[in-house]
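Reader: I'd like to learn how to read a contact between two chains and the helix packing behind it. Could you walk me through one?

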Amino acid sequence: MRATSHLFKDNVAKALADADLQTALYRVDKNFTARRTAAVTALPEFEALRDDAVRIKDHTLAYLDLYLETFERNVTAQGGQVHWAETPDDARRIILDLCQAAGARTVTKGKSMIAEEVALNPFLEANGITPVETDLGEYIIQLADEPPSHIIGPAIHKTKEQVSDLFHEHHRQFGKTQRLTEGGDLVAEAREILRPRYLAADVGITGANFLIAETGTSVIVTNEGNGDLTQQLPKTHIVVASLEKVVPTLEDASTILRVLARSATGQQMSVYTTFSTGPRRPGDPDGPDAYHVVLLDNGRSKLLGSDFQDILRCIRCGACFNHCPVYASIGGHAYGWVYSGPMGAVLTPAMIGIEASHHLPSATPFCGRCEAVCPMRIPLPKMMRHWREQAFDKKLDTVRQRWALKVWAWFAKRPRLYRRITRLAVRYLAWRGRPRGRMSDLPLTDGWTASRDMPAPQGSTFMDQWQTGRRP
Amino acid sequence: MTAGPRVGLFVTCVADLFRPTVGFAAVKLLEDAGCRVEVPEAQTCCGQPAYNSGDRRDALAIARGVIAAFEGFDYVVAPSGSCAGMIKKHYPGLFAGDPDMADAAQDLAARTWELTAFLIDVMHIGALDARYEGRVAYHDSCSSLRELGVRSQPRELLSLVDGVTVVDLSDPEVCCGFGGTFAAKYGEVSGAIVHKKAAQVVATGADTVVAADLGCLLNIAGKLKRDGSPIKVRHVAEVLAGMTDVPPIGEA
């Protein structure tokens, strides 16, 4: 997708004015957090599991080359093939080649953020191949021609009423003319439309939640079972995944699985957890004839050893989204690229550059709840601050903001002068705030006063009063 | 009189400029608890605005000043989780690569406390000489809650004040949307967040909302007053010290 992260402020204004979006976000806010809390509280060893999960990923990242090579060797030994893609362009080309070699006209797709990252659908369409999204959320946004707004709930920004409209519009061609309004009916209709597509697809493309080095296995977790049908029914299964999805062992994957669903949806486990190892073997009842893994780098290897390495521990659970007050106010699209929420605010600058995305790591109050709930203990605020440092060095803020900061810092480093200037400022503001004790507008602070008043200072500074021995 | 610990008060820039009452309330609470309180003259701010704006150089320079100003005190106490958190949790990281300063930063961090946590955890306060008639909602600041793990202490202290009924907000772990420069730079987002927080304050039925961080309080008061709410907004230290004869925040 074309990034609009540089238009963040415009995107925010639109998001805040979008009544449907605000309705949808309100529901997210209420649902996910309570479920996660309940799931986490019910598992006494949750904190210990988090520590284990962090250790596993840190270890893997320290020996990433080794584990990736092991993974490739074992995929090959199982009759599959690994393809290395350095850039999104490489990934798209490899996938297209594989689809064309399979003579594909339609491909079914399980939910994959990497496919979004490389903008796979428009590329396949441009090359005469029809991609069919099978995850309900992805299916909805494919109909709406929109990017996902949440890494685990791509259509979370849509209200049921909007989905009803979309289905009514797009399912007419299949003879479905009745407008449905109940959630269950909508799901049933989507299922009915999708069923024959699974059977017609020549290739199935899925993402991966884990790649297991010791066995050459890819793992997906879903709640709808769509991933299983996507990868088992067509003759060719293509897994598209990024490098950091690899873990050393099955045991490691199962450890991380125990924190994944709890953090994401508050489930103990997702409804389906599916392990795929190579193509169908003689005697297997089902499975694809060909099994490919496309491994995408797209700048991730450059993050190793940098201030941002820890983001590579991310397991895409979405907990940081669900607990973020900024995300809850503006939704995912305002971030302007594939990844949104706190993890997106850290990852996006690494992928599209800080120049184009400096608002994302800046537009947070550093409330720290993302880090508090992250099962992988990723220090998201700290990394956002590192991006802010880069943005500051590159002078990406407005001139006004830079000057305000510089002038303030100049005085803050000089206590005597600071006292003199603040004495005057405080006196002026207290005068401005009379007689109500607050101000409704103030030069240079329209960002604040547009939505709230600014309480006025009491009149003289504490330091002045303290030094004159005046005490109440 | 036995010599209590020598405490340096880190006034915080917001209390210094906007609400000296908070500074005096902190002094009173500390002195009543038996501390010898001093207010080093060379303090201005903890440096957080620079630090969080990516201006590491100025943040370091300001932090150096704070470290020097508070040398030698048994404890450093701030009536703010945010500023105490900056000194306690971020200074050591700022100077981690500076062998000349690393020890001093660590040392200051170890001596620094948020006011309510200090009164309970260090001074073991068991009684307060204060009275406040009201149903008081307590707002947890993000830095108190998550950086410093302060949750029970301010509530415990409020329960020692005659006449106070403490109530909790429905989402006590959710940010009020202040976030320092964030509130001005991304005012629309910040405004949307405080809109929800103010609604939660109103929903408690409280007549007063207090917190241990003036940043949150300016934000919440600004929103409540813009909306015409009669709910009074005060720093928790004012209620604990019985210094509630001055107008609440954002009122005259």
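Reader: How many residues does each chain give to the contact?

Author: Happy to help! Start by counting both sides. In this predicted model, chain A supplies 54 residues and chain B supplies 63 residues.

Reader: Which element brings the largest share of the side of chain B that touches chain A?

Author: That is α11(B), with eight residues. Other elements giving two or more residues include α2 (20–32), α4 (56–69) and α12 (214–226) of chain B.

Reader: And what is that side made of, by class?

Author: On chain B, the side touching chain A has 32 nonpolar, 16 polar and 15 charged residues.

Reader: At what angle do α11(B) and α12(B) pack?

Author: For a helix pair, look at the angle and the spacing together. Here the angle is about 75 degrees and the axes are 9 Å apart. Angles of 65 to 115 degrees count as roughly perpendicular, so α11(B) and α12(B) are roughly perpendicular to each other.

Reader: Which residues meet there?

Author: From α11(B) come B:Val194, B:His195, B:Lys197, B:Ala198 and B:Val201, and they meet B:Asn219, B:Ile220, B:Lys223 and B:Leu224 of α12(B). This contact has five nonpolar, two polar and two charged residues.

Reader: Where does the largest nonpolar core come in, and which residues touch the most other members?

Author: You have just met one of them: B:Ile220. The core has 218 residues, and those touching the most other members also include A:Val294 and B:Ala26. Leaving aside neighbours within four places in sequence, A:Val294 is in contact with residues including A:His83, A:Ile94 and A:Val240. A:Val240 is also among the residues that touch the most other core members.

Methods. Residues numbered from 1 in each chain as written. Chains lettered and ligands numbered in written order. Predicted model: local features only at pLDDT ≥ 70, side-chain atom pairs only at ≥ 80, totals over all residues. Contact = placed C-beta atoms within 7 Å. Helix = DSSP H or I, 4+ residues; strand = E, 2+ residues; numbered from the N terminus. Nonpolar A, V, L, I, M, F, W, Y, C, P; charged D, E, K, R; others polar. Axes fitted to C-alpha atoms, helices over the stretch in contact; angles between N-to-C directions. Parallel < 35°, antiparallel > 145°, perpendicular 65-115°, else oblique. Core = buried A, V, L, I, M, F, W, Y, C linked by C-beta atoms within 7 Å. Buried ≥ 20, exposed ≤ 12 C-beta atoms within 10 Å, placed from the backbone.
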